[in-house]
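Biologist: I've got a model open and a pile of labels attached to it. Could you walk me through how each label was earned?

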Amino acid sequence: MNEGSKEALRGFLGRGEGGTGDGFGVDDLQGLLLQIAFAIMMIFMLAYFLFRADASREKQEQILELERQRLVLAADAVRAERRARYGLAALLPDGSDAAFDPALVLREGRLVEVPALRDAFRGGLAAAAADFADPLRLRRDWLARIAEAAELDLASLAPENARWLDARADADIAAAAAAAREVGRGTAAALQRRWVAHPDEIGDPAVADILGRFAAADETTRLLLVTDLSDALRARSVGAVADLAGSRALATFLGTEENPPSPSPEPHR
C-alpha cells in the first residue's frame, strides 16, 4: 500500500494528519461488520430459496412424469381390452402392417367353422356396432376405464396430462373404429367379389337382376349400369355382413364415414 492510500485510511479512521480523534470508532466498525454479515446472510438466503424452488420444480416434474407413466400403462391396457372386445386381437393383430384378410372368416361365402374366429367376428363386430352407436358414451367409458386402471382421478390430473390423455383416448378410439370397419368392410368386399362370379348366391333378386343385365350388356350399357351395380352390391354386402354378425346395427356402423370398399364389377366370361 502506498503512502497516499495509508493516509486516506488513517483519515477514515480519524487518525490521519489533522484528525480530531472522533473518527471511525468501535461501534461504527461493529455496525459496518453487521451490515456486511447481513448482506452475506441475504446472499445465502437467496441461494437457499432458489435451491428450494429448483427442488420443488424437480419434484413436481417427477410427480407429473409418474402420473404420465401410470396413464400410459393404463391407456395401453384399455386399448388392448377394447381390441379384444372387438375381435381385433384375433382378426387384425396389433402392430401388423398387413391389411385384414377376409379368408380368415369366409369360406365360399360363409363363415368359417373355427369357433375362435367365428366368435371374434360375430361378437367383435356386434360389440363395435353397439359401442360406436353412442360415441360420447363410449368416450366417457373409455376415459373412466383408463382412470380406474391407473388408480387416478380424472378431475385431479395435471393439465398437461389431462390434455395428453384426451388426445391419446381420441386416437385409440378412432383407431379401434377404423380397424373394426376394416374387418367388416373387407368381408363385404370379399362377398361382392364372390357374387360377381356366383350371382346365384346374392340372395337379393333386385341386385341379381342388375348384375345379370350388367353381364349381358355391351360396353356402353355397362358404363351406365356400373354405378347402380356397385351401389346395389355395396348395400347388399353390408347387409349380409350384418346378418353374418347377427347385428343389424352393424350395417349403420359400416356405412358411417367413408363408404365400404367395392371392387369394380367384371363381366362373366
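**Labels and their cut-offs**

Modeller: Let's start with Arg79, which counts as partly exposed at 24% relative accessibility. Keep in mind that this is a predicted model, where local features need pLDDT of at least 70, side-chain atom pairs count only at pLDDT 80 or more, and totals for chains, interfaces and linings use all residues. Residues are numbered from 1 along each chain as its sequence is written, and side-chain values use heavy atoms, with hydrogens and water left out.

Biologist: Why is Arg79 called partly exposed?

Modeller: Buried means under 20% relative accessible area, exposed means over 50%, and partly exposed is what lies in between (1.4 Å probe, protein chains only). Arg79 has 24%, so partly exposed is the label.

Biologist: What makes the contact of Asp172 with Arg79 a salt bridge?

Modeller: The term asks for a side-chain nitrogen of Lys or Arg within 4 Å of a carboxyl oxygen of Asp or Glu. Here the N to O distance is 3.8 Å, so the pair passes. This bridge links distant parts of the chain, with Asp172 in helix α6 and Arg79 in helix α2, 93 residues apart. Helices here are DSSP runs (H or I, at least four residues), numbered from the N terminus.

Biologist: And Asp172, buried or exposed?

Modeller: Buried, because its relative accessibility is 8%.

Biologist: How do you know that Arg168 and Asp76 form a salt bridge?

Modeller: Their closest N and O atoms are 2.5 Å apart, so they meet the cut-off. Again the partners come from distant parts of the chain: Arg168 sits in helix α6 (residues 159-197) and Asp76 in helix α2, 92 residues apart. Arg168 has 17% relative accessibility, so Arg168 is buried, whereas Asp76 at 37% is partly exposed.

Biologist: Why is Arg248 called exposed?

Modeller: Because its relative accessible area is 55%, which clears the exposed limit. Arg248 also has a salt bridge to Asp243 (2.5 Å, N to O), and Asp243 is partly exposed at 45%. Elsewhere, salt bridges that share partners join Asp76, Arg79, Arg168 and Asp172 into one network. The whole structure has 14 salt bridges.

Biologist: What makes the largest nonpolar core a core?

Modeller: A nonpolar core is a set of buried Ala, Val, Leu, Ile, Met, Phe, Trp, Tyr and Cys residues joined through side-chain atoms within 4.5 Å. This one has 60 residues, and Phe121, Phe132 and Leu250 touch the most other members. Helix α6 gives the most to this core, with 13 residues.

Biologist: Which residues does Phe121 touch?

Modeller: Contact means heavy atoms within 4.5 Å. Leaving out residues up to four places away in sequence, Phe121 touches Leu91, Val105, Leu111, Val183, Thr187, Val241, Leu244 and Ala245.

Biologist: Why is Leu91 called buried?

Modeller: Its relative accessible area is 2%, so Leu91 falls under the buried limit. Leu91 lies in helix α3, and its contacts include Phe100, Leu104 and Val183.

Biologist: What about Tyr48, in helix α2 (residues 26-85)? What is its exposure?

Modeller: Tyr48 has a relative accessible area of 40%, so Tyr48 is partly exposed. Together with Phe38, Met41, Met42, Met45 and Phe49, Tyr48 forms a nonpolar patch on the surface, with about 590 Å² of accessible area together. Patches take residues with over 30% relative accessible area and no salt bridge, joining like charges within 9 Å and nonpolar side chains (Val, Leu, Ile, Met, Phe, Trp, Tyr) within 5 Å. Accessible areas come from the Shrake-Rupley method with a 1.4 Å probe, and for residues only the protein chains shown count as cover.

Notes. Helices (H or I, at least four residues) and strands (E, at least two) are DSSP runs, numbered from the N terminus.
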